[in-house]
Amino acid sequence: MSQSDNDKIRMIREILAGHKDHWQNQEPQMRQLRQIYLTRFYDDKSISDTSVRVETSDAYAFIESYIASLFEKSPSVEVDSMTTTSEDVEITRASVNGWLSDNRKALENGSRLALIFPMSFFKISPRVSQDPLARVSIRAIEPWNIILDRDADLWEEQRFVGHHYYMTLAEARRIHGAKKYSPVSKPQYFEDGKTTEGSYNSLPDSMKYIEVVEFYDLEEDMLYIFSPNIKTTGGFLDKSKIPLRTYDDQPLVPIAPLYYSRQPDRPMDGYSTLSRVYDQLFEKNIMRTFWANAVRRDSRQYLYREGTIDEESLAKISSGQDGAMIPVDEQSLDGIIRTVPVEPMSSNFERYLQAIESDINRGSIISPNVRGEATRATATEITALAQYTASEIGRMARERDEAIEDIANIFVRMLVYTLDEMDKPVIMVGKKARFVTPDALDHKYKYFALDQASTPLSKELKKRQLLELLPVLGQLGVPQAKLLEDIVRQFELNEKYIEEAKKAQDILEQGSASRAASAEAIAPEPTTDAQGLANELLQGQRSIPLPMA
């Protein structure tokens, strides 16, 4: 092994160790975020003197309200190119949009990970399939499984990117050949985080694992497949030039990031949306638990004078039997039994809970009316809040759209390399069938997410504004047909409405033309005799021109 390989192995080991240390330090906070979203807040918390624990679902509602606003029922992109024909552009667009629609669930999973944790990633990789257009898979990756160059300011400026994962021993032997492996157990990030070496002779190869790092060296344009569980070759499973390339032969990493928020001083480190309100959710769960136990201690208790009531009479009082007669050997019943007073809870607790709720709402950019809560705000204030919410959600949607555009680019470039010459998959472009070939895909394309940061809220605002502007547009002379097209497009109505409206307009025009022709047919013919001219003058149908002065 050369000195350069030894230096590279040493560098990868140091980067991997730093990556593990970073996320091991982050693991307690990541665990807290995960548990409060799963409504398992008290799993690893010991709270003394509590017999009942109450946990609210505010964390789940907080995240899913964002998911509902960022939801795309059919993710798609627009494709543009200055270097090829429109037919190639249409084939590429149809291929990408069909694949994105089939993998919508992975995009939603990645979006949820990026909201709960600091960020998430998408790994696009080839797979075996009979369908040539389905030979590319995508899955959402947790942030602790992606190795980053944290000194970079932009994703494109990174010197290296890595993917850390575990591979079964059977798969390792199938892909990388028979080597001297030291299998380990596959750890879970939220359990122990450590591997246990051993022989595992009693387990099949499908239950044994090795640790693998896909290390993309962007400075040297090299891909290193490294594993610390190999006794030979220093840890290298494979090394080659980065196989995936852009149209202009630049290295392309098959990983797309998704950041909804970033740390200002370290842009490669994201910022969890859920962490903004974690302390308030913590306080609310503790408060509700305290209240639940206090209410259960709010019971009816009594004091009685000792010696005046025997045990049998006390049993009758405790049983609450209707009509029971209890004898008391006293001349007066005053002072024999008295209720133990229960002091009501201080109003400070209710005020504190309201303050917690207010802090949670301020930590969310979604206005109360969007969440379905009734408020006393005016219509103008609600509109302003909705527009602010739409703009903030729109910013997050733009981050999602950039990830979709990166994914589309990686998919097309990977499809160029996975399609064989014998493959001729057919795709429908409009109503025509077209062959998908590497030649049609291998061009410099520009991708634009069709959603373009629009959200369900912003769409509703546009619909309402369109309805308010309809009377003004009609008075300004905008054709009714154009207004109908806008209404059908904004409200996603049946396009047959436009066709039926055109047919009705044609019928009206034909009727007007036939009536004009009938009126012209029955009009009197002009006459030239003196009597006829006199009649026309009397009826005002003709005038006599006056001589010029």
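Where in the chain is Thr39 found? Thr39 is in the loop between α1 (3-37) and α2. Keep in mind while looking at this residue, and everything below, that the model is predicted.

**The whole chain**

Let's step back for a moment. The protein has 549 residues, and 39% of them count as buried. Its secondary structure comes to 14 helices and 14 strands. Take the contacts between residues at least 6 apart in sequence: 68% of these join residues at least 24 apart.

**Two residues with positive phi**

Back to Thr39. Its phi is positive, about 60°, although Thr39 is not a glycine. As a rule, most residues other than glycine have a negative phi. Asp249 is another non-glycine residue with a positive phi, in this case near 65°. Asp249 belongs to the loop between β8 (236-241) and β9 (255-258).

Are these two residues buried, partly exposed or exposed? Thr39 has a relative accessible area of 37%, so it is partly exposed. Asp249 comes out at 43%, so it is partly exposed too. Here they are side by side:

| Residue | Phi | Relative accessible area | Loop |
|---|---|---|---|
| Thr39 | about 60° | 37% | between α1 (3-37) and α2 |
| Asp249 | near 65° | 43% | between β8 (236-241) and β9 (255-258) |

**Helix α2 and its partner α4**

Follow the chain on from the Thr39 loop and you reach α2. This helix covers residues 58-69. Does its length agree with what the residue count predicts, or disagree? With 12 residues at 1.5 Å a residue, α2 should span 16 Å, and its end C-alpha atoms are 17 Å apart, which agrees.

Several α2 residues are buried: Ala59, Phe62, Ile63, Glu64, Ser65, Tyr66, Ile67 and Ser69.

Now for the pairing with helix α4 (residues 104-116): the two axes come within 10 Å and cross at roughly 135°. An angle like that falls outside the parallel, antiparallel and perpendicular ranges, so α2 is oblique to α4. The crossing is right-handed.

Who does the touching? On the α2 side, the contact is made by Ile63, Glu64, Tyr66 and Ile67. On the α4 side, Glu108, Ser111, Arg112, Leu115 and Ile116 take part. By type, the contact residues split into five nonpolar, one polar and three charged. The α2 residues in this contact, Ile63, Glu64, Tyr66 and Ile67, also appear among the buried residues of that helix. In general, an α-helix has 3.6 residues a turn, so residues three or four places apart point the same way.

Technical notes
Residues numbered from 1 in each chain as written. Predicted model: local features only at pLDDT ≥ 70, side-chain atom pairs only at ≥ 80, totals over all residues. Heavy atoms only, no water. Axes fitted to C-alpha atoms, helices over the stretch in contact; angles between N-to-C directions. Helix = DSSP H or I, 4+ residues; strand = E, 2+ residues; numbered from the N terminus. Parallel < 35°, antiparallel > 145°, perpendicular 65-115°, else oblique. Left-handed = near helix turned anticlockwise from the far one by under 90°. Contact = heavy atoms within 4.5 Å. Nonpolar A, V, L, I, M, F, W, Y, C, P; charged D, E, K, R; others polar. Expected span 1.5 Å × (residues − 1). Buried < 20%, exposed > 50% of the residue type's maximum accessible area, 1.4 Å probe, protein only.
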